[in-house]
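User: Please take a close look at the pockets of this structure. I should like to understand where they lie and what surrounds them.

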Amino acid sequence: MSAVLRPLQLFNLRLHHLAEQLLEPQGRYAAGFENLIVGLIVFSVASIGVEAMPQVPQWLLTVLRVAEVVVVAVFSFEYLLRIVAAPKKLAFIVSFQGVVDLLAIAPFFLIGLDARWLRALRLLRLLRLLKLQTHFLEHTVAERTRELAQKNAALLAAQAQLKAEIDLARAMQIAILPAGFPDRPGCEAAACMIPATTMGGDFYDFMELPGGEIGLVMADVSGHGVPAAFFMAVARTNLRELAPHCPDPGTCLNRTNEVLCTQNPMDLFVTVFYCMLNTHTGLLRYANAGHNPPYLRRADGSVHALDGAGGLVLGAMADSRFETHSLQLLPGDRVVLFTDGVTEAFNSTDEAYGVERLIAEVKAYDSGAASGLIDRIRNSVTRFAGDAPQSDDIALSVLTWRDS
Amino acid sequence: MNVRLETVGKVAVVILEGRLDFATAEGFQKQLELVLAGIGSVPPAVVIDCAALQYISSAGLRVLLVAAKAAQRARIAFCLCSLTAAVRDVLDVSGFSRIVTVYADRGVALAQVPQG
């Protein structure tokens, strides 16, 4: 690039600058120029009418003709300036406004001031009325564009705020889950919850109960989004409140269900596996409201699903009843609780992770901390899903019974 | 997911194909509401034919639950038929097979439900 501008370039630059100042909506003189053009259009159309009247004094005709020269000069200047300013010059020339602008000045250049033999053609100057329309049209379009830009900006800001609030709510949703399992000599547990992109409703919970028992919850609210998240909070709060007053898990789910059915305007529901572990004896009592049955891994490596599944989900029918089942844990036993986000994690070919893969991981993890098995399953699911996005929350919990 | 509606006599048969999950649940709910409201006259029974339904998520179960409750209020018989193993599994675990009538196939369903 040359450091010194050649005169032609300089002229071109100045012309563009001028066009910007006069034609762009935010230009410095745009409003004044716009008013000038509209004023001249109105004046020139009126003067065509005056000229056509009989017995117009000669002096007035002279004035009008001089005025016509000025009008055409200004219109021509405007027309040329618009061509200069247009990014696509040909497109402007053949556009509605381009054609109208040309027609507004064409009669003058075609027939001059005094071609009486083409009187009819002079009426073409009335086309200037169209020019008026394009000006108002342009004005309206500019106005609408500006309004639209403002609304767009407001919408983007509102969206950003909403996203920030949802992110915050999700963070809170995870933060209210217990960080650790109550410290007891005979057992150990760990849990994790990996939310999907939208707000979901999976949750787990550990509770210290009267009499030295520990309550464990694994639950999944139907659907996604803010309603599911709210229902999760309602379900969790009710469970936590009722659990210490219930002698067994079945009773706890019965009562929780009754309460949830009265607080459920959207017909949401939650699947819950709830168990109470006696940390002195290793007796695990549990009840299942529509949740995937957890897996029990015995010390010998055998794995099977806990029976007693098939109870109805909570929140669906107020009169549902839940049975309590019992299981005596033996040293080295592990119970793996999970939500369907694990088994229904899909890969890019729409294949589900499934129970077989989960069982294989549980079987293969022989000894080690509960958190180690959680990491192992998480990694296995992540590897399996590959690039496919996580469509559902994933919650996992592992309880290991050592000895009383 | 694809939803088709057939009528056998006065009974409405809703045929589901594909996956009933969070993405498709809302649209299906609207369609079911229309079916239950009846076009012209309210049907005596609604049969959901799941022979080609490959997958149902909790959001899908919710739509069935809402529809089953609405049908009960309107005194319309509501049932499912021809479940695939995967869908049957989900209904069994969630306890839904306890509250919704399930028939082996469409023929059995149509023979059992009230006709008018």
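Analyst:
**The pockets and their linings**

The largest pocket in this predicted model holds about 650 Å³ of space. It is lined by 31 residues, and those closest to its centre are A:Asn292, A:Thr343, A:Glu344, B:Asp89 and B:Val90. Both chains thus appear among these central residues. Several elements give two or more residues to this lining: in chain A they are helix 10 (340–343) and helix 11 (354–364), and in chain B they are strand 3 (45–56), helix 2 (58–73) and helix 3 (85–93). Of these, helix 3 of chain B gives the most, with six residues. Sorted by class, the lining of the largest pocket comprises 16 nonpolar, 10 polar and five charged residues.

The second largest pocket contains about 500 Å³ of space. Its lining has 21 residues, and the closest to its centre are A:Leu23, A:Glu24, A:Pro25, A:Arg82 and A:Glu138. Four helices of chain A each supply at least two lining residues here: helix 1 (7–23), helix 2 (30–52), helix 3 (58–85) and helix 7 (128–175). The largest share comes from helix 7 of chain A, which provides six residues. By class, the lining of the second largest pocket divides into 12 nonpolar, three polar and six charged residues.

In summary, the residues closest to the centre of the largest pocket come from chains A and B, whereas those closest to the centre of the second largest pocket belong to chain A.

Terms used
Residues numbered from 1 in each chain as written. Chains lettered and ligands numbered in written order. Predicted model: local features only at pLDDT ≥ 70, side-chain atom pairs only at ≥ 80, totals over all residues. Heavy atoms only, no water. 1 Å grid on protein atoms, 1.4 Å probe; cavity = no way out; pocket = protein on both sides within 12 Å on 5 of 7 lines; lining within 4 Å. Points joined across faces, edges and corners; volume = space filled by probe spheres on them. Nonpolar A, V, L, I, M, F, W, Y, C, P; charged D, E, K, R; others polar.
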